[in-house]
Amino acid sequence: MLHYDNFINGRFTPSTGKERITVVNPSTGDPICTVPDSTAADMEAAIDAATAAQKAWGKRPAIQRAQALRAIAAKIREQVEPLARLITEEQGKTLGLARVEVAFTADYMDYMAEWARRIEGEILESDRPGETILLFRQPIGVIGGILPWNFPFFLIARKAAPALVTGNTIVIKPSEETPHNAVKFCELMAQTDLPPGVINIVHGRGAGAGKTLCASPKIGMISFTGSVETGSAIMAAAAPNITKLNLELGGKAPAIVMGDADLAMAVQAVKSSRVINSGQVCNCAERIYVQSNVAAEFTDKLAAAMKSSVCGNPLGETEVEYGPLINQAGFNKVDALVRGAVAAGATLVTGGARHELEGGYYYQPTVLADCRQDMDIVRREIFGPVIPVVKFDDLDQAIEMANDSEYGLTSSIYTRDLNTALRACQEIHFGETYINRENFEAMQGFHAGWRKSGVGGADGKHGLYEFTQTHVVYMQRG
Ligand code: NAD
């Protein structure tokens, strides 16, 4: 088994501690490799390296910083297949989805590189004669990036690319569940001429290395993707230093299916959204509201589609639509929510138990009918191949139930009526709404959650500018 180190100041650097984390294949339970469970001293060394590197990096013209991103993207494109296999092995997504993730990561770096010549300030009209007011966008300094396990490779780019092109340096802590792909990212990065200290990757657990990063007074902004609970802990750790936060948290996406919808299309979209990455995606449909007059037909068709989903080891011999859940804790959470819903009166239409496959954390594709708004399965993030269905009579009721959530990331509506779609867009209080389709979001959009789903957002111009701070200069003519 291979044992990897952190990547600090341009070099693979052994940890100052002895604790290791074993990475496990969720499809088989087999160990893959180990990474350090880094100490506070390891994390501080990385923060110091990033702080030292930022001085020169921030002074480079943005177009040169963009070249560095493009060089890494080119290296990634040379390795799509091995990277995809490695992501599948440690995370459990299908090879097809892993290939998309790798390609999208390279495209994302190129996309952010394109912003180099478009980072714009403003010239503002003054109240005083002979005065000019200029607003500059400047780097924040050192960014702390903390990653989840569900799109581990892409999330490196979503943090590092906007950080670097705007002149920041970064220290990233990957998820302890999926650090192997980050090691490979470092190997590719080391083959480019990126200056030492610009991107540093430190492995470890949240409560150790993660907390040290969030509590450091040298960090200008924490950009975190993960659960609401961890987001809240990060806010607390960052509070003493008033560190800026950019939080991409959980979701509980409602999908509203109107009586006039193209039901075949809605079924297909919802099903794909629910089995992709085994249902472990922040923006996928997590609760379905279906109009009463089509509820029976929709639920039957959805159950048939879900039941036919092929689940299995994504590196096995048969092609599968989805693989295992990430770990035992994830499995237990999904199973407990399903059992709780049945105990509270939901009807199990299909699934509802461990898949008969041996070895991994496989869960049956599951549909629950007769769900109610007060059930945990309708209120809490499931993160598994499970769909609760709730009936409604009119759009008012559907919108009210959709909005009745502490989450506010994504939402969707299926209808052929333009007025219905427009009304939903105006009255659904979520960061994103998909009409007649499910995810994913576009890199030129702005992925930002309302309520407990986040603070700030990612992607596009607005996501880029999160990584800058403004500086206003008043110039008085003498
Ligand atoms: P998680 O919150 O358990 O862990 C995420 C990261 O935070 C890990 O690297 C972990 O080590 C670290 N961490 C844990 N405690 C910490 C602490 N006290 N201080 C600093 N770091 C700490 O999330 P997860 O299980 O890896 O990911 C799944 C969650 O992520 C889901 O809720 C999902 O909805 C969310 N997610 C959101 C988006 C989005 O764009 N909004 C995208 C992907 C995933």
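Helix α14 spans residues 418-427, and its buried residues are T420, A421 and A424. These three residues cover an arc of only 100 degrees around the axis, which places them on the same side of α14. The model described here is a predicted one.

**Helix α14 and its surroundings**

- An α-helix has 3.6 residues a turn, so residues three or four places apart point the same way.
- The other side of α14 carries the exposed residues L418, N419 and Q426.
- The packing partners of the buried residues of α14 are α13 (395-403), β19 (410-414) and β20 (432-435).

**The protein chain as a whole**

- The protein chain contains 15 helices and 23 strands.
- Its radius of gyration is 23 Å, close to the 23 Å that the globule rule gives for 478 residues, so the chain is as compact as a globular protein of that length.
- Along the principal axes, the C-alpha atoms of the protein chain fill a box of roughly 75 × 65 × 40 Å.
- Of the 478 residues in the protein chain, 57% are buried.
- Among contacts in the protein chain with a separation of 6 or more, 72% involve residues 24 or more positions apart.

**Surface and charge**

- The exposed area of the protein chain is about 19,100 Å², of which carbon and sulfur atoms supply 52%.
- The protein chain has 45 positive and 54 negative charges, and the mean positions of the two sets are 5 Å apart.

**Residues with a positive phi**

- Most residues other than glycine have a negative phi.
- D370, which is not a glycine, has a positive phi of about 55 degrees.
- The position of D370 is in the loop between β16 (366-369) and α12 (376-379).
- With a relative accessible area of 39%, D370 falls between the 20% limit for buried residues and the 50% limit for exposed ones, and therefore counts as partly exposed.
- N436 is likewise a residue other than glycine with a positive phi, here near 60 degrees.
- The loop that holds N436 runs between β20 and β21 (450-451), and β20 is also one of the elements against which the buried residues of α14 pack.
- N436 is partly exposed, because its relative accessibility is 28%.

**The loop position of G316**

- G316 is located in the loop between α10 (292-307) and α11 (328-343).
- Its relative accessibility of 37% means that G316 counts as partly exposed.
- G316 and I201 are 115 residues apart along the chain, and their C-alpha atoms are separated by 31 Å.

Definitions and conventions. Residues numbered from 1 in each chain as written. Predicted model: local features only at pLDDT ≥ 70, side-chain atom pairs only at ≥ 80, totals over all residues. Heavy atoms only, no water. Helix = DSSP H or I, 4+ residues; strand = E, 2+ residues; numbered from the N terminus. Rg over C-alpha atoms; globule rule 2.2 N^0.38 Å. Buried < 20%, exposed > 50% of the residue type's maximum accessible area, 1.4 Å probe, protein only. Contact = heavy atoms within 4.5 Å. Areas by Shrake-Rupley, 256 points an atom, 1.4 Å probe, with all protein chains shown as cover. Lys, Arg positive; Asp, Glu negative; His and termini not counted. Charge placed at Lys NZ, Arg CZ, Asp CG, Glu CD. Arc of directions from axis to C-beta.
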